[in-house]
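Me: I would like to understand how the terms used for a protein model are justified, each set against its own criterion. Could you take me through them?

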Amino acid sequence: MSDTSKNCTITNNTSVGALIVDAYNTSSTNPKQVYAQTLRVLPLAAGGDILAGLASGTVVLNDYTQAGGETVYNTLYELIIARATDLFPLMNTSVMQNFATPPAYPPVSVPATGLTNMQSAQSFYKTIMAFPTSTLSQQFQQAMTAALKSSTSTGSIDSQMNAFFASTKEYQSVTFNMYMAVSTYMATFANAWANYSDSYTYYIYSSGTAASGSDTANPVYQGSLVFTRKPNVTEASPTDNNGGYTINFVDTNNKSTAMFFNQGQFVSSLSLDVPPICLQGTFVLKSQLSNKASDNQLIPILSGTINGAKVMGTDTKQDTSDGPGSLYAFFHPKTFSGWVTLFLSVFGALMALEWIGTKLSAMGKGLLKLFQRNEGQPPQQSELDELRGQIDDLQSQIAANQQELLDRFGQQLDLPPSVEDALSGLKADFTNTLNLQSADVQLDILEQQVSQLEQLAEYGVTPEMQGIANDIRSNINALHDADTPADLQTALDQVKQSIPDVNTRLGNVVQDLGTEISQETRAAIDESNQAIQDAQELSDKIDDAIDDINDGEIPDIDF
C-alpha cells in the first residue's frame with residue numbers, strides 16, 4: 001500500500017481556479033509572513049497545478065529541514081490557496097500532521113465565500129491605509145497588541161481578533177489571517193496596484209510654481225507608470241513580483257525605464273540603496289484631493305521621488321484644472337507639496353503599524369510549533385515566555401528592513417520609534433496638510449473679493465473701499481507669511497473670521513452704488529459671489545474632515 005501520510009486533500013468551493021502555494025521561511029528567525037515568505041506552487045497529485053473551481057484535489061507535503069546535522073521531515077505547513085491568474089488569496093491556513101497511526105493531514109476546504117471574504121479584507125486594509133489615525137485603525141492596533149500579550153494558543157488569537165472584526169459594521173466576515181494575507185499580498189505582487197486590469201497607467205507629477213500673487217499653477221508632468229499584462233498567462237508565478245505585468249516608467253521624452261515591484265515599492269533598481277525612481281502606493285479618499293463631497297471613493301495614489309524630486313501620481317491625467325477627473329490638490333502648489341510630504345509620513349506610520357501584525361502572525365506560528373513539539377499538548381509557561389522573547393527580538397529586524405525601504409526615497413525619513421508616536425505625528429501631519437488646502441481655498445475667496453473690488457473701483461474709489469482693500473491685503477499676507485503649522489492655524493482663524501465681514505461690506509458698496517452699476521458688472525459680481533459661496537462650502541468640508549481626523553471618524557465610502 002502506498003504511503004498517503006504526506007497527502008493533503010484540498011476542496012475548492014469557490015468558482016475560480018486555484019493554486020496551492022507552500023509558504024515557508026528559510027530561517028527560523030526570519031520575520032517575514034504569508035506572501036513575504038518563500039513561495040512554491042505545489043503540483044496536484046493528479047497532474048497539473050490548477051485546482052478547478054468546485055473541485056477537490058490532493059497535494060503532497062514533502063518538505064525537509066536540516067536540524068542538528070540531520071534531515072528532518074516537516075510536519076507543519078502554511079498553505080495559501082490562491083486565485084490561479086494572479087495569486088490573490090482565497091484562503092490562508094496552516095496544516096499539521098496529526099499524531100495518529102498512521103499520521104495524516106486534515107483536509108482543507110476553501111469556503112464558497114473565500115474570494116468575497118478576501119475582497120472584504122482588502123477593503124478593510126485599504127481603509128486602514130487611507131485613515132491610519134482613525135478609531136477603527138487604533139482599535140485594530142489595540143486588539144492586536146492585546147492578543148500578542150495574552151494569547152497562549154492560535155485559538156485565543158483568533159477569538160480575540162474575531163471579536164474585534166465582529167464589532168465593526170462592514171468587516172464582520174474578515175479574520176486576522178485574511179488581513180495578513182491581503183496586506184502581504186499587496187506588498188509582494190503588483191496586481192492590486194494595477195486594479196487587476198490588463199493595462200493600467202498612473203500619471204506622475206511634481207509641484208508647479210505659482211506666479212507671484214497667485215496660489216494656483218498646473219503641476220509639472222514627469223511621466224507615467226505603465227502596466228501591461230503579459231499575454232496568455234493563465235497561471236501566475238510566485239517568483240514574479242510584477243504579477244505578470246511589464247511595468248515601465250515613460251518620461252516626457254518617451255524614454256522607457258523598466259520598473260520592479262519590491263516590498264510594496266516600484267523601483268528602477270533593486271541593487272541601489274537610493275534608486276533614481278522610487279514610488280509607493282497608498283489609498284486616499286478622493287474628496288480630500290478633489291474638494292468634491294460626492295467623491296466618496298478610495299483611490300490609489302503613488303508618491304515618492306524621481307531623480308530627487310518629490311512626486312505624486314494618480315490614474316487620471318491632471319492636464320487642466322477643469323478637466324474630467326481633475327483634482328484640486330494637483331493645481332495648488334502648497335497643497336500639492338503638503339500631500340506629497342504627508343504621504344511619505346503615511347508610509348512610515350503604516351510600516352510602524354505593520355510591526356504588530358507581523359509579530360502577532362509570528363506568535364501564531366510559534367504557538368503552532370510548540371503544540372507540534374509537545375505532540376498536541378499546550379505549551380508550558382516557560383515556553384511561552386521564551387517565545388515572547390523571540391518575538392520581541394524580531395522587531396529590530398523588522399524596523400531595520402523598513403528603514404531601508406524609507407531610505408530608498410533619499411529624503412532622510414526616519415521610521416517612527418513607536419506606533420503611538422507614529423499615529424500622534426500623523427494626526428498632526430493630516431491636520432496641517434488639510435490646513436494648507438484650506439489656505440488655498442481662502443486665497444481663492446480672497447481672489448474673488450479682489451476681483452469684485454477692482455470692478456467696483458471703476459465707479460470711483462471711496463474710503464470704505466480703501467478699508468476693504470487693506471483688509472483683503474492683510475488676509476492674503478497673513479496666509480502667505482505663515483511659515484509654521486501654528487502660524488498657519490492662526491492665520492486661518494483670522495482670515496475665516498474676516499472673510500464674511502468683507503463679503504458684507506462689498507455687498508453694501510454694491511447697494512450704495514445702486515443703478516450706477518452696469519448690468520454687466522452686476523452679473524460678474526453675482527457670478528463671483530456664487531464662486532465665493534462654492535469655495536466657502538469647500539472650506540466647511542475641509543473643517544469637517546479635520547474634525548473627523550481628530551475624532552477618529554471615517555466617512556461613508558463607496559467601494
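**Terms and their criteria**

Reply: Strand β1 (residues 7-12) and β4 pair in the antiparallel sense over 6 bridges. The model is a predicted one, in which local features need pLDDT of at least 70 and side-chain atom pairs count only at pLDDT 80 or more, while totals for chains, interfaces and linings use all residues. Residues are numbered from 1 along each chain as its sequence is written, and side-chain values use heavy atoms, with hydrogens and water left out.

Me: Why are β1 and β4 called paired?

Reply: Two strands pair if DSSP finds at least two bridges between them, and β1 and β4 have 6 bridges, so the criterion is met. Strands themselves are DSSP runs (E, at least two residues; helices are H or I, at least four), numbered from the N terminus. One of the bridges joins Asn 12 to Ala 55 in β4.

Me: What makes β4 and β9 the edge strands?

Reply: The open sheet of 3 strands runs in the order β4-β1-β9, with mixed pairing, and β4 (55-60) and β9 (108-110) each pair on one side only. The twist averages 20° from one strand to the next, with axes fitted as lines to C-alpha atoms and angles running from 0 to 180 degrees between N-to-C directions.

Me: How do you know that domain 1 and domain 2 touch, and which residues bury the most area on the side of domain 1?

Reply: The domain assignment, whose bounds come from an automatic or database source, gives domain 1 as 7-110 and domain 2 as 116-188 + 346-415. Contact means heavy atoms within 4.5 Å, and the contact takes 22 residues from domain 1 and 23 residues from domain 2. Together the two domains bury about 1,900 Å², 66% of it on carbon and sulfur atoms; buried area is the accessible area (1.4 Å probe) lost on putting two parts together, summed over both. Pro 31, Gln 33 and Phe 88 supply 31% of the area that domain 1 buries against domain 2, more than any other three residues.

Me: Why is the pair Lys 365 and Glu 78 called a salt bridge?

Reply: The rule asks for a side-chain nitrogen of Lys or Arg within 4 Å of a carboxyl oxygen of Asp or Glu. In this pair the closest N and O atoms are 3.1 Å apart, so the pair qualifies under the rule. Across the interface of domain 1 and domain 2 the rule finds 1 salt bridge.
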